[in-house]
Amino acid sequence: MTHCEAAAGCTAPPVVRIVAPSGTETIACDVHGARLLAATPDGRVYSLPGEHEDYATAVRYAAKRDGGAA
Ligand SMILES: [Zn+2]
């Protein structure tokens, strides 16, 4: 299940994979990916296979900018 399937009403396409230090991986769209990354200390973000590498960069930037406030 993706993070977005758990979030009611999100129909954005999944583009990134958030990896927690525990090894838990979660697929999410760019918006939810940023929120999830901001809420995951030492979490990492990767673009999904076939998706543009810029998605990971954008999510990393948005997570840092928002600082977990969502
Ligand atoms: Zn989403």
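## Burial of Val-16

A residue counts as buried when its relative accessible area is under 20%. In this predicted model, Val-16 has a relative accessible area of 0% and is therefore buried. Val-16 belongs to strand S1, which comprises residues 16-19.

Leaving aside neighbours within four places in sequence, the contacts of Val-16 include Thr-26, Ile-27, Ala-28 and Cys-29. Val-45, Tyr-46, Ser-47 and Leu-48 are also among them, as are Gly-33, Tyr-55, Ala-56 and Val-59. Val-59 lies 43 residues from Val-16 along the chain, yet the C-alpha atoms of the two are separated by 8.1 Å.

## The sheet

Three strands form an open sheet in the order S2-S1-S3, with antiparallel pairing. S2 and S3 stand at the edges and have a single partner strand each, so one side of each is left without a neighbour in the sheet. On average, neighbouring strands are turned by 25 degrees against each other, direction ignored. In general, strands of a sheet pair through backbone hydrogen bonds, either parallel or antiparallel.

S1 is joined to S2 (residues 25-28) by four bridges in the antiparallel sense. Within this pairing, Ala-28 in S2 is the bridge partner of Val-16. The hairpin of S1 and S2 has five residues between the strands, and Gly-23 in this hairpin takes a positive phi near 100 degrees.

S1 is also joined to S3 (residues 44-47), where four bridges link the two antiparallel strands. Val-16 stands opposite Ser-47 in S3, Arg-17 stands opposite Tyr-46, and Ile-18 has Val-45 as its bridge partner. Val-16 thus has a partner in S2, Ala-28, and stands opposite a residue of S3, Ser-47.

## The two faces of S3

Which residues of S3 form its covered face, and which its uncovered one? Val-45 and Ser-47 are on the covered face, whereas Arg-44 and Tyr-46 are on the uncovered face. In a regular strand the side chains alternate between the two faces of the sheet.

Helix H3 lies across S1 and S3 and runs at about 150 degrees to S3. Val-59, one of the contacts of Val-16, is in H3.

## The helix pair

The axes of helix H2 (residues 30-38) and helix H3 (residues 54-66) come within 8 Å and cross at roughly 50 degrees. Angles under 35 degrees count as roughly parallel, those over 145 as roughly antiparallel and those from 65 to 115 as roughly perpendicular, with the rest called oblique. H2 and H3 are therefore oblique to each other. The crossing of H2 past H3 is right-handed.

On the H2 side, the residues that meet H3 are Asp-30, Gly-33, Ala-34, Leu-37 and Ala-38. Their counterparts in H3 are Val-59, Arg-60, Ala-62 and Ala-63. By class, this contact has six nonpolar, one polar and two charged residues. Two residues of the helix contact, Gly-33 in H2 and Val-59 in H3, are also among the contacts of Val-16.

## The loop between H2 and S3

Asp-42 lies in the loop between H2 and S3. Its phi is near 60 degrees, a positive value in a residue other than glycine. Is Asp-42 buried or exposed? A residue counts as exposed when its relative accessible area is over 50%. Asp-42 has 68% relative accessibility and therefore counts as exposed, whereas Val-16 in S1 is buried at 0%.

Technical notes. Residues are numbered from 1 along each chain as its sequence is written. This is a predicted model: local features need pLDDT of at least 70, side-chain atom pairs count only at pLDDT 80 or more; totals for chains, interfaces and linings use all residues. Side-chain values use heavy atoms; hydrogens and water are left out. Axes are lines fitted to C-alpha atoms, for helices over the stretch in contact, and angles run from 0 to 180 degrees between N-to-C directions. A crossing is left-handed if the near helix is turned anticlockwise from the far one by less than a right angle, and right-handed if clockwise. Contact means heavy atoms within 4.5 Å. Ala, Val, Leu, Ile, Met, Phe, Trp, Tyr, Cys and Pro count as nonpolar, Asp, Glu, Lys and Arg as charged, and the others, Gly among them, as polar. Buried means under 20% relative accessible area, exposed over 50%, partly exposed in between (1.4 Å probe, protein chains only). Two strands pair if DSSP finds at least two bridges between them.
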